[in-house]
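Got the model open in your viewer? Keep the selection box handy and follow along.

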Amino acid sequence: MTRVRSALLLVLLAVCPRAEAQQAPPRIGPIVADVHLVFPNFPNDSQQLADSHGIPAVTDLPGLGRGIDIAAQLYVFKLRSITFGVGGNLMIGTSHFSPLTPGPGQVAVGIAVSERYTSFAPQVSINFGNGDGWSYLSGGIGTSTWSLVPDGAVAGPADQEALKVINYGGGARWFKKKHVGFSFDVRFYAINPGTPFGSSLGSPRTRLLVMGAGVSLK
């Protein structure tokens, strides 16, 4: 009897780890929120963009900026290996150009300009993986504003106009802890052209690249 009990104990010890290893990985979701530090690559070579906002020279456009992206997804159902989600994101990016301080007897070239881009859009996503880590593709259609204002000046109509924008891209999330993980995102913002105001052309149709990384919470 003792030998039988010992044998059964050995079997249980051998089976239990295997049972744990065979447990299904956690499902994606149900809700995830992202907070990312982002780097929007604002164009700094478009004369039409400068003219549409009353910027004297294309060399005054600020270029690469930084900002924040806040997003959330609700994962509604799974079809085979794909999990579908709905949500939205808010992205705010800023940049600033300051002319070089002139030396003695020199004149400053250019003017200081502040740039700000804000976009909000609902999104849908398709996700691949499990709750410990997954990649995704997502996109949405929303509205945005794009301002380029010389320091000390008043924002004009082009700086306050609502512009239609389509954003699309993808990224990935990893959860080493149950509720906190790391994530990154690469996204394009296809911005509609702006309306001409006065004698100026509207801002051009633009595709803005925004890359970012940060934390995910579930």
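What follows is a walk from the whole chain down to single residues.

**Before you click**

This is a predicted model, so local features need pLDDT of at least 70 and side-chain atom pairs count only at pLDDT 80 or more, while totals for chains, interfaces and linings use all residues. Residues are numbered from 1 along each chain as its sequence is written, and side-chain values use heavy atoms, with hydrogens and water left out.

**The whole chain**

Start with a cartoon view of the protein chain, which has three helices and eight strands. Helices here are DSSP runs of H or I with at least four residues, and strands are runs of E with at least two, both numbered from the N terminus. Reading from the N terminus, the order is α-β-α-β-β-β-β-α-β-β-β.

Now colour by burial. Of the 218 residues, 38% count as buried; the cut-offs are under 20% relative accessible area for buried, over 50% for exposed, and partly exposed in between, with a 1.4 Å probe and protein chains only. Switch to a surface and you are looking at about 12,700 Å² of exposed area, 65% of it from carbon and sulfur atoms. Areas come from the Shrake-Rupley method with a 1.4 Å probe, and for residues only the protein chains shown count as cover.

If you like contact maps, take the contacts with a separation of 6 or more: 65% of them are accounted for by residues 24 or more positions apart. A contact means heavy atoms within 4.5 Å.

**The barrel**

Select the strands. Eight of them close into a barrel in the order S1-S2-S3-S4-S5-S6-S7-S8, with antiparallel pairing. From one strand to the next, the twist averages 25°; the axes behind that angle are lines fitted to C-alpha atoms, and angles run from 0 to 180 degrees between N-to-C directions. Two strands are taken as paired if DSSP finds at least two bridges between them.

Zoom in on S2 (residues 66-79) and S3 (residues 82-97), which pair in the antiparallel sense over 13 bridges. Click Asp 69 and look across to Met 91 in S3, which stands opposite. Then go to the turn: the hairpin of S2 and S3 has two residues between the strands. Arg 80 is found in that loop, and its phi is near 55°, a positive value in a residue other than glycine. Is Arg 80 buried or exposed? Arg 80 is exposed, at 80% relative accessible area.

Slide over to S4 (residues 113-130), which runs antiparallel to S3 and is joined to S3 by 16 bridges. Two pairs are handy landmarks here: Phe 97 has Val 113 in S4 as its bridge partner, and Gly 88 stands opposite Pro 122 in S4.

**Two salt bridges**

How many salt bridges does a search of the whole structure find? The search finds two, counting a side-chain nitrogen of Lys or Arg within 4 Å of a carboxyl oxygen of Asp or Glu.

For one of them, select Arg 173 and Asp 34, where the closest N and O atoms are 2.7 Å apart. This pair links distant parts of the chain, with Arg 173 in S6 (residues 163-174) and Asp 34 in S1 (residues 31-40), 139 residues apart. Arg 173 is buried at 4% relative accessible area, and Asp 34 is buried at 4% too.

Next select Arg 187 and Asp 185, whose closest N and O atoms are 2.8 Å apart. Both are buried.

**A nonpolar patch**

Back to the surface view: select Val 35, Ile 68, Ile 70, Leu 90, Phe 120, Val 180, Val 215 and Leu 217, which make a nonpolar surface patch of about 630 Å². Patch residues have over 30% relative accessible area and no salt bridge; like charges are joined within 9 Å, and nonpolar side chains (Val, Leu, Ile, Met, Phe, Trp, Tyr) within 5 Å. S2 and S8 (206-217) are the elements giving two or more residues to the patch. Val 35 sits in S1 and is partly exposed, at 37%.

**Last stops: two loops**

Leu 61 lies in the loop between helix H2 (47-52) and S2, buried at 4% relative accessibility. Show its neighbours: among the residues Leu 61 touches are Pro 43, Leu 49, Phe 97 and Leu 148.

Finish at Pro 30, in the loop between helix H1 (2-21) and S1. The peptide bond from Gly 29 to Pro 30 is cis, with omega near 10°.

Key:
Lists of a residue's contacts leave out its neighbours within four places in sequence.
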